[in-house]
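Walk through this protein chain with its coordinates open. The route starts at one strand residue and widens from there.

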Amino acid sequence: MRRYLHPFGIYKIKIYDADTRIVYSTDVPLIGRSDGDNPLLRQVLTAGRTLSEIKRKGQVADLGGGVRFDIDVVESYVPIRHEARVIGSFEVYLDIGRQYEHLGRSVALSVVVGVLIVVGAFLVLFAFARRGAAHYAAALEELERRDATDALTGALNHHVLLEKAEELRHRLGDGDGQRGAACLALIEVDQFPALVDAVTPVTVDEALRVVSDAIREQMRDDDLLGRHRGGTFLAVLARSDLSDAVLFGERIRRAVAAVVPASGGRTVTASVGITRCLPADDFAAAIRRAEDALRRAKSDGRDCVRAV
């Protein structure tokens with residue numbers, strides 16, 4: 001019986017008679033003793049029902065003849081009947097320590113798996129959030145870029161050019177108000193309205209793009225270029241005197257004539273108006289002076305540079 005029951009985790013078996021006396025036990029020294037103070041046993045012998053309870057045992061003799069300490073067992077009482085009468089009871093100690101160990105491992109595994117799932121979900125959500133934030137930042141940057149630049153030519157829009165020009169003038173300003181001066185150059189595609197009427201919009205757009213590219217090739221890193229209106233561009237030349245600005249205008253005029261192809265039988269040229277703008281000058285007034293210089297260039301036959 002000991003060899004048969006040992007693999008099932010059963011530590012002890014007792015058999016009681018109807019008077020609560022132990023008539024058999026795998027713990028031999030217990031045979032013959034009475035357990036009349038055992039309330040669970042008395043209920044089983046009186047009512048004839050199977051009852052069980054979990055107990056913590058400080059010491060139990062196992063089926064192998066050894067002693068186990070501080071173990072959790074299920075103490076079960078099974079009535080023994082003869083016909084309709086209860087004549088005794090089995091008592092069985094079943095070890096549940098291994099079940100507790102399995103339960104503990106299962107709980108620990110569940111916790112680890114739960115943590116891994118939460119961490120994995122967080123990492124996935126973080127990756128999506130980060131990618132979404134990157135897309136949002138890129139979209140916002142693209143919107144700002146579109147708001148700042150002219151879609152056709154890539155030059156700054158007029159209001160952005162004015163803001164950046166004021167910032168540039170503040171950076172350039174110093175005590176004597178001379179070394180930080182800038183020059184303004186208004187470059188206009190000659191007879192732009194007539195050019196628009198004479199050729200297709202696609203050809204005009206291409207001509208404007210070529211003109212803006214030709215201007216940028218002649219500019220330095222801290223210079224600014226914006227689209228003033230229609231076929232007119234405004235260049236702000238940092239730390240430049242009037243003679244340098246005039247040479248810049250001449251280079252632009254020659255570049256436009258060289259790189260912009262004739263459209264609709266018309267040769268595309270450019271007129272340039274130049275003026276100097278000191279840090280203390282009113283910027284709007286400086287633009288008006290550049291417009292006066294541009295009008296002089298057009299009245300003098302176009303395809304030329306004038307300065308005031």
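Start with Ala 185, which sits in strand β6. The model is a predicted one. Ala 185 has a relative accessibility of 0%, so this residue counts as buried. Leave aside the neighbours up to four places away in sequence. Ala 185 then touches Phe 233, Leu 234, Ala 235, Phe 248, Val 272, Gly 273 and Ile 274. Val 236 is also worth a look. Its C-alpha atom is separated from that of Ala 185 by 6.6 Å, although the two residues are 51 apart along the chain.

Now widen the view to the core. The largest nonpolar core holds 24 residues. Ala 185 is among those that touch the most other members, together with Ile 187, Ile 215, Leu 225, Phe 233, Ala 235 and Phe 248. Which helices and strands each supply at least two residues of this core? They are strands β6 (182-189), β8 (232-237) and β9 (270-277), plus helices α6 (201-217) and α7 (242-259). Another core lies apart from this one. That second core has 20 residues, including Leu 172, Ala 238, Cys 277 and Ala 290.

Stay on strand β6 for a polar residue. Glu 188 is found in this strand. Is Glu 188 buried or exposed? Its relative accessible area is 12%, and buried means under 20%, so Glu 188 is buried. The side chain of Glu 188 makes a polar contact with the side chain of Thr 232, at 3.0 Å. Thr 232 is also one of the residues Glu 188 touches beyond four places in sequence. The others are Gly 231, Thr 269, Ala 270, Ser 271, Leu 294 and Lys 298.

Next come the charged pairs. Side chains of opposite charge can pair when their charged atoms come close. The count comes to 14 salt bridges. One of them joins Glu 91 and Lys 14, with the closest N and O atoms 3.4 Å apart. This pair links distant parts of the chain: Glu 91 is in strand β5 (residues 85-95), Lys 14 is in strand β1 (residues 10-17), and 77 residues separate them. Glu 91 is buried, with a relative accessible area of 2%. Lys 14 counts as buried too, at 8% relative accessibility.

Compare two further salt bridges. Arg 289 pairs with Asp 281, the closest N and O atoms being 3.7 Å apart. Arg 289 is partly exposed at 28% relative accessibility, and Asp 281 is partly exposed at 25%. Asp 300 and Arg 306 meet at 2.8 Å, N to O. Here Asp 300 counts as partly exposed at 45%, and Arg 306 is partly exposed with a relative accessible area of 25%. Elsewhere, salt bridges that share partners join Glu 250, Arg 253, Arg 254 and Asp 303 into one network.

Move to the surface. Val 107, Val 111, Val 115, Val 119, Phe 122, Leu 123 and Phe 126 form a nonpolar patch there. Together they have about 650 Å² of accessible area. Val 119 belongs to helix α3 (residues 97-148). Its relative accessible area is 39%, so Val 119 is partly exposed.

Finally, step back to the whole chain. Its secondary structure comes to eight helices and ten strands. Of its 308 residues, 41% count as buried. Among contacts between residues at least 6 apart in sequence, 59% join residues at least 24 apart. The chain exposes about 17,600 Å², and carbon and sulfur atoms supply 57% of that area.

Conventions
Residues numbered from 1 in each chain as written. Predicted model: local features only at pLDDT ≥ 70, side-chain atom pairs only at ≥ 80, totals over all residues. Heavy atoms only, no water. Core = buried A, V, L, I, M, F, W, Y, C linked by side-chain atoms within 4.5 Å. Buried < 20%, exposed > 50% of the residue type's maximum accessible area, 1.4 Å probe, protein only. Helix = DSSP H or I, 4+ residues; strand = E, 2+ residues; numbered from the N terminus. Patch = residues over 30% accessible without salt bridge, like charges linked within 9 Å, V, L, I, M, F, W, Y side chains within 5 Å. Areas by Shrake-Rupley, 256 points an atom, 1.4 Å probe, with all protein chains shown as cover. Salt bridge = Lys/Arg side-chain N within 4 Å of Asp/Glu carboxyl O. Contact = heavy atoms within 4.5 Å. Polar contact = N/O pair within 3.5 Å; in protein donor to acceptor, adjacent residues only side chain to side chain.
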